[in-house]
Amino acid sequence: MSRPPVSVIVPVYNDPEGLSATLEALAGQTYPDYEVVVADNGSTDATLEVARAFHETDPSLFTLVSETEIQGSYAARNTGIRAARTDAEVFAFLDADSTVEADWLERAVAVMDEREAAYVGCRVEIPREEGEGLVARYDRLTGFPVARYVREEGYAPTNCLLVTRETLADVGGFDQRLVSGGDLEFGRRVRRSGRDLHYAPDPVVTHPPRSSLRSMLGKYVRIGRGIEQNRRLHPELGHGRGLANPRQYLPPKPSTTKRELAEVWEELSIQEKLSFYGLRYALDLAKRTGQLRERLSPTPESRG
C-alpha cells in the first residue's frame, strides 16, 4: 500500500475542550507521514492557547493558522488547505470536537488506496451519554447518516472527509460564502467532475451529540440559511420546494420520522414517537426560519 503524505485540516472557533480532544486523538496516529493544521476562525476564548500548546509540544506535527477575515468554517478549511505542506497528496478534514482511534488515518488512507478513490466519507458515530435526553437521543439516532448522504445526495460531511490534492486542484476548494451546505456543494462538484464518491464504514469518527434544544435549533437555522444561499449561488444543485410553497410549513409526514428512526422505531413507546415527531417538526420550522432570514437579509458573503 502506498503511504502518501497527508494533511489533516481542523477548523475551530471557540471550542478549547473540543479542540484539545481532537488534537489529542490526532497526536497518536499510527500513520507514518502526516501533519495537523489547526485553522482558527477568530476564537476569542482559550482555543488559541490550546492550539499553541500542542504546536509547542510538537511543532513538526501541529501547525496553527488563522482565518479572521471571513467568519465561517469553509473559509477556515480553505486557509488550512493553503497552509498545508506542499507535498501533501491527501487532505483529511475533521471538526474540532471529533475524536478518532489511533489507526483512523491509516485505515482511511488504506480505503482510498484499495478503491483508488479520490473522495471518501467515513462513518460517524454519536455515542450514548449518561442521562441522555430527547434531543441528544434524536441526534445520536439521526445525526450523521453518511452512507445515505454519499449514496443518495452526493456528498459527505466535512467532519469525516478525505480528498486527494489532485481533486482539490481540479474542482477548487470550498465555497466560503456559505454558512452551511458547503459540504454538499463541494461533493456535487466532485461528482460532476466524473469522480466516484465513496463511503467507508471503517474507519470511524466519533462526534459528541447536541444535547440542548437551543443548540439543535441553532444548527437547523444555520442549515436553512445554507439552503437559501445555495439556492441563490448554486441553482444547478436543485433545492426542492421553494419558500412560497405552503407545504414547506406543514408538519412532516409521520413516515418521514419513522424512516429516520427505522432501526429503533418498533422499540419506541407512543409517547416517544410523538416526542420525536414534534421535535422533527420544530427542526423543520427552524430550517424554514433560517431560509427566510437569509432571504430577507442575506449575508455579505452570499450576496456575491
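In this predicted model, Glu116 sits in the loop that links helix H4 (104–115) to strand E6 (119–125). The backbone there deserves a moment's attention: Glu116 is not a glycine, yet its phi is positive, at about 55°. Most residues other than glycine have a negative phi. The side of the picture that concerns solvent is simple to state, as Glu116 is exposed, with a relative accessible area of 75%.

A second loop residue invites a similar look. Asn14 lies between strand E1 (6–12) and helix H1 (16–27), again in a loop. Its phi is near 50°, a positive value in a residue other than glycine. Asn14 counts as partly exposed, because its relative accessibility is 26%, whereas Glu116 is exposed at 75%.

The cysteines come next. The structure contains zero disulfides. Cys122 takes part in none, and the nearest cysteine sulfur, which belongs to Cys160, is 6.0 Å away. A disulfide requires two cysteine sulfur atoms within 2.5 Å, and the sulfur of Cys160, at 6.0 Å from that of Cys122, its closest cysteine sulfur, is therefore too far for a bond. For readers setting up a topology, it may help to recall that a disulfide is a covalent bond between the sulfur atoms of two cysteines.

Both members of this unbonded pair are hidden from solvent by the accessibility criterion: Cys122 counts as buried because its relative accessibility is 0%, and Cys160 likewise counts as buried at 0%.

Definitions and conventions:
Residues numbered from 1 in each chain as written. Predicted model: local features only at pLDDT ≥ 70, side-chain atom pairs only at ≥ 80, totals over all residues. Heavy atoms only, no water. Helix = DSSP H or I, 4+ residues; strand = E, 2+ residues; numbered from the N terminus. Buried < 20%, exposed > 50% of the residue type's maximum accessible area, 1.4 Å probe, protein only.
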